[in-house]
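Open the model in your viewer and keep the selection panel at hand. The stops below run from sheet to sheet, then across to the second chain.

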Amino acid sequence: MSPGDLYPRPAEGTWTEHYPELGTSEVSFQDSISPEFYRREQDAIFRQAWLNVGRVDDLPKRGSFFTKDIVAARTSVIVTRDGDGVVHAFHNVCRHRGNKLVWDESPTQETSGFARQFVCKYHGWRYGLDGACTYVHQEDEFFDVEKATLGLAEVACEVWAGFIFVCLGKEPRQTLREFLGPMVGALEGYPFEAMTERYSFRAENNSNWKVFIDAFQEYYHVPPLHTYQLGPNNRDPNLTFEGAHYQLDGPHRVVSTTGVQKHKWPPETMYPSEVLLRSGNMGPWDAHELAAEISGVNPGGVDRWGIDNFQIFPNLEILIYERNWYLSYRFWPTSHNTHVFEADLWFTPAKTARERLAREYAAITVKEYALQDCGTLDGTQLGLESEAFDSYPLNDQEILVRHFHKSVGDWVDAHRRALGDETLGFDPMAPPPVTG
Amino acid sequence: MAAFPAQFAALEPYADWALPSEADRYAKRLASSMDELQSFYDAALPLLESQADYLKGVSLDGISEADLNLLRCLQALVTVSFPVEAWHQPYVPDSGAASIDVTVEPRP
């Protein structure tokens, strides 16, 4: 079978060549093993780009808050819903002596809840949910302090489709909507708000954050690694996969899949639990009807659409399934070869025990396969770090991997240019740019 | 006293699987032998079919203690389904030292 047999590809013959700026040469993964490059990503990406830190569901009422540690940006943020219902984000740092302001038992752990105010554990300064300083302990002892000027450091924060984003740059270069662009932005009308029932996962992985994202933005690995997904009688590792549609928009990208809907497969090709629970890796079969037309999904207009896998720069993935559940993944680097993986799985609320079991099975399916990925990708990191090869070939089904690494490199280069460093291209031996 | 509604009497020997969180169920799976997982699975799986209508009728809103216990036990069936049907071992193949924690889950 030659490329393009299953689904039409662009006039150029391949998806990759449809975007000539990508090239087709081998790709170096130095950007995934170099501590120096990671330091550049911290400044160029994690302190510049819009980052998804949660959803409006995390702030259910006035006074709700949560903290989010963004290790790669060397900070923690507090996200609040103030008394007027407005969502804010602040650096989680007391204005007095720089103590981390909001935490429970350990300053290295995130927290959430409901508060009327935040009180610093160290010297008792207090702040409102809008970040204003409301109390300075022994205020008279200070020299010329003005409480009105001693509020928390506000972080740019915008909400899109219920997703809360922050931007740690002093002045965001783009609004969130501009940053997301037309392809991702079109999802705005998707009924995310109807899916309020959540499972969340967290994993600490021994791989670069991009190595993990790479596995989630190509399906080429699915037949060999996840043979179980093909059913009990169909474990042919030589099976092939073709994405039905690939599309790039700025630093963001999407792949759409297609195929016979899982609930229409012959029962003998599935596992007994799938058949009896009416659920599986494509979600619960008996979905609640949300809308006749769903905005923004299936941008390629493919027949028998199954999944949209939106990769939103830099570290957010939104997976939208035909059976109206969706998943969002976030990949938070903690060093050049470690990261935290967070997954949220969102369903319409189950009303009965049977519906709960169907959702449980879909959620557990995600966990089982993700565990295979976690282990395998630790191995990828070990392999890459051996530097046995200078570069690696990528095929047309891996176009999003190619685009992602190019986008990351472009952001790092742009940041270096902005700092006056005209040396283009990544040189892992060059010193990191001096900031500030 | 029976742990489950009467038609689920076959689950009584496996009442210790009716654990409140995914973390508890997963830990029990990893601590079990394949024989133990298979035995529980064999007892529980047929009930999904024979009692499908009953499970459809159990509303999560105001769920009784017996039905909640039943739900938890069948959630544990979900937990053991992969080892029995696919992996043929309690842990996920190729997962190495990796672990994934469920940090939020719907209750019930």
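Two strands count as paired if DSSP finds at least two bridges between them. Helices (H or I, at least four residues) and strands (E, at least two) are DSSP runs, numbered from the N terminus. This is a predicted model: local features need pLDDT of at least 70, side-chain atom pairs count only at pLDDT 80 or more, and totals for chains, interfaces and linings use all residues. Residues are numbered from 1 along each chain as its sequence is written, while chains are lettered from A and ligands numbered from 1 in the order in which they are written.

**Stop 1: the sheet that takes in both chains**

Select β12 of chain A, residues 245–249. Add β13 of chain A, residues 252–258. Five bridges link this antiparallel pair. Pick A:Q247; its bridge partner in β13(A) is A:V254.

Now extend the selection. Eight strands make an open antiparallel sheet, ordered β12(A)-β13(A)-β14(A)-β15(A)-β16(A)-β17(A)-β11(A)-β1(B). The edge strands are β12(A) and β1 of chain B, each pairing on one side only. Neighbouring strands are turned by 20 degrees against each other on average, direction ignored. For such angles, axes are lines fitted to C-alpha atoms, for helices over the stretch in contact; angles run from 0 to 180 degrees between N-to-C directions.

Show α4 of chain A, residues 209–216. This helix lies across β11, β15 (316–321), β16 (326–335) and β17 (338–347) of chain A. The direction of α4(A) is at about 155 degrees to β16(A). Contact between two residues means that their C-beta atoms, placed from the backbone, lie within 7 Å. Next, α7(A) packs on the sheet and touches β11, β16 and β17 of chain A. The angle between α7(A) and β11(A) is about 15 degrees.

**Stop 2: where the chains meet**

Which strand of chain B pairs with β11(A)? Select β1(B): the two run antiparallel, with three bridges. A:R202 has B:D101 as its bridge partner.

Widen the view to the whole contact. Chain A puts in 33 residues and chain B 34. On the chain A side, β11 (197–205), α6 (272–277) and α7 (353–385) each supply at least two residues. α7(A) gives the most, with 16 residues. By type, the chain A side divides into 16 nonpolar, seven polar and ten charged residues. Here Ala, Val, Leu, Ile, Met, Phe, Trp, Tyr, Cys and Pro count as nonpolar, Asp, Glu, Lys and Arg as charged, and the others, Gly among them, as polar.

**Stop 3: a helix of chain B**

Select α1 of chain B, residues 22–30. Its buried residues are B:E22, B:R25 and B:Y26. They fall within an arc of 95 degrees seen down the helix axis, so they line one face of the helix. Buried means 20 or more other C-beta atoms within 10 Å of the residue's own, exposed 12 or fewer, and partly exposed in between, with C-beta atoms placed from the backbone. The arc is that of the directions from the helix axis to the C-beta atoms. The cover over these residues includes α4 (65–87) and β1 (101–104) of chain B.

**Stop 4: the seven-stranded sheet**

Return to chain A. An open antiparallel sheet of seven strands has the order β1-β10-β9-β4-β3-β2-β5. β1 (50–55) and β5 (112–114) of chain A each have a single partner strand, so one side of each is left without a neighbour in the sheet. The twist averages 25 degrees from one strand to the next.

Zoom in on β1(A). Five bridges join it to β10 of chain A, residues 163–167, in the antiparallel sense. A:N52 is bridged to A:F165. Lay α3 of chain A (176–185) over the view: it crosses β1, β9 (154–160) and β10 of chain A, at about 30 degrees to β9(A).

Is β4(A), residues 87–91, enclosed or open? Four of its five residues are buried, so the strand is largely enclosed by the rest of the structure. β3 of chain A (75–81) pairs with β4(A) over five antiparallel bridges. A:T80 stands opposite A:H88. Five residues separate the two strands in a hairpin, and A:G85 in the turn has a positive phi of about 85 degrees.

**Last stop: a loop**

Select A:A148, in the loop between β8 (133–135) and β9 of chain A. With 8 C-beta neighbours inside 10 Å, A:A148 counts as exposed.
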